[in-house]
Amino acid sequence: MGEQETSDSLRTFGAVVQGLREHAGLSREEFGQLVGYSKHTVASVELGRRMPDPMFVERAEEVFGNTGALRRAAACLVRRPGLAAWFRQWARLEGTAVNLYTYECRLVPGLLQTEAYARTLFVNQLPPLNDEQIEEQWLARAERQRLLRERPNTAFSFILEEHLFLRRTGGAEMTRELIDHVLEVAAMRHIEMQVMPVVRETHAGLAGPMQLLETPENQWFAYCEGQRGGQFIVDSKEVSVLQGRYARMRSQALTPEDSVGLLERIRGAL
């Protein structure tokens, strides 16, 4: 019931945006140019499929005359279908980040997953998910992945453990598809992909996965996730500790060029 109410609130907000846009005589593409987002993102917000990030709301307010209506409406959007409650605040910041760093040692991170890989994870989740929940989670994940292509001015860095690909989650064919996808993403000039080899005598990230991001206002935040929840970190001292660990891991992992070579060899051995 709660998620249905959330979907209704997102659709209502989107309908308001669409109504204001059409009243202003703007197409989605024209409005997108004014607020700095693609027409596809505008459509996703208007159709209630995407949680509007704070920058979208502020720029839309400026376009529509600073009435305050969208700000008040956005304040009521505290949930997002398909995303865990503890992750939603982070997901909103992702949409406007200028730097986004991810270290993962458990599974290939959501931004890099293929649909087949993601659905395998959802199908094997415990407690089990029903078909509607699985579909909802995949749609939310696919929407997040648009960040990689829609934000070419954001610098993305990924450090992935080699064993994530050696595990062959879903089987050899699915792993080949996954590696092909990761290599395709790695070829984009605003994305840096590094692999941490299995054999490594020193490793600064043994305490677990982490994500770091920098906002357009040059504020840094961190996010760490465990079995049953996640921690959104705003304390600058704690964020600084994680920044130091991530910087060390960048020097310990393979170079981007060597990482691509390793992934190609793993794929060839499948």
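Me: In which hand of crossing does H7 pass H8?
Reply: In this predicted model, the contact draws on Glu115, Ala118, Arg119, Leu121, Phe122 and Val123 of H7 together with Ile134, Glu135, Gln137, Trp138 and Arg141 of H8. Where these two helices meet, the crossing of H7 over H8 is right-handed.

Me: How do the axes of helix H7 and H8 lie to one another, parallel, perpendicular or oblique?
Reply: The axes of H7, which spans residues 115-123, and H8 come within 10 Å and cross at roughly 140°. Angles over 145 degrees would count as roughly antiparallel and those from 65 to 115 as roughly perpendicular, so H7 is placed against H8 as oblique.

Me: How many nonpolar, polar and charged residues does the contact of H7 with H8 have?
Reply: Among the residues taking part are Phe122 of H7 and Trp138 of H8, alongside Glu115 of H7 and Arg141 of H8. Sorted by class, the contact of H7 with H8 comes to six nonpolar, one polar and four charged residues.

Me: Which description fits the way H2 packs on H4, oblique or perpendicular?
Reply: Helix H2, residues 28-35, and helix H4, residues 54-63, have axes 9 Å apart and pack at an angle of about 110°. Phe31, Leu34 and Val35 in H2 meet Phe56, Arg59, Ala60 and Val63 in H4, and these residues divide into six nonpolar, no polar and one charged. Because angles of 65 to 115 degrees fall in one class, H2 is described relative to H4 as roughly perpendicular.

Me: Is Gly48 buried or exposed?
Reply: Gly48 sits in the loop between helix H3 (39-46) and H4, where it touches Leu10 and Arg11, leaving aside residues up to four places away in sequence. Its C-alpha atom is separated by 8.0 Å from that of Ser9, although the two are 39 residues apart along the chain. The relative accessibility of Gly48 is 14%, and since the cut-off is under 20%, Gly48 counts as buried.

Me: Which helix gives the most to the largest nonpolar core?
Reply: The largest nonpolar core has 33 residues, and those with the most contacts inside it include Leu148, Phe156 and Ile191. Several elements each supply at least two residues of this core, among them helix H8 (131-150), strand S2 (155-161), helix H10 (172-186) and strand S3 (191-196). With six residues, the one that gives the most is H10.

Me: Which residues does Phe156 touch?
Reply: Phe156 is one of the residues with the most contacts inside the largest nonpolar core. Not counting residues up to four places away in sequence, Phe156 touches Leu100, Leu111, Leu147, Leu148, Arg151, His190, Ile191 and Glu192.

Conventions. Residues numbered from 1 in each chain as written. Predicted model: local features only at pLDDT ≥ 70, side-chain atom pairs only at ≥ 80, totals over all residues. Heavy atoms only, no water. Core = buried A, V, L, I, M, F, W, Y, C linked by side-chain atoms within 4.5 Å. Buried < 20%, exposed > 50% of the residue type's maximum accessible area, 1.4 Å probe, protein only. Helix = DSSP H or I, 4+ residues; strand = E, 2+ residues; numbered from the N terminus. Contact = heavy atoms within 4.5 Å. Axes fitted to C-alpha atoms, helices over the stretch in contact; angles between N-to-C directions. Parallel < 35°, antiparallel > 145°, perpendicular 65-115°, else oblique. Left-handed = near helix turned anticlockwise from the far one by under 90°. Nonpolar A, V, L, I, M, F, W, Y, C, P; charged D, E, K, R; others polar.
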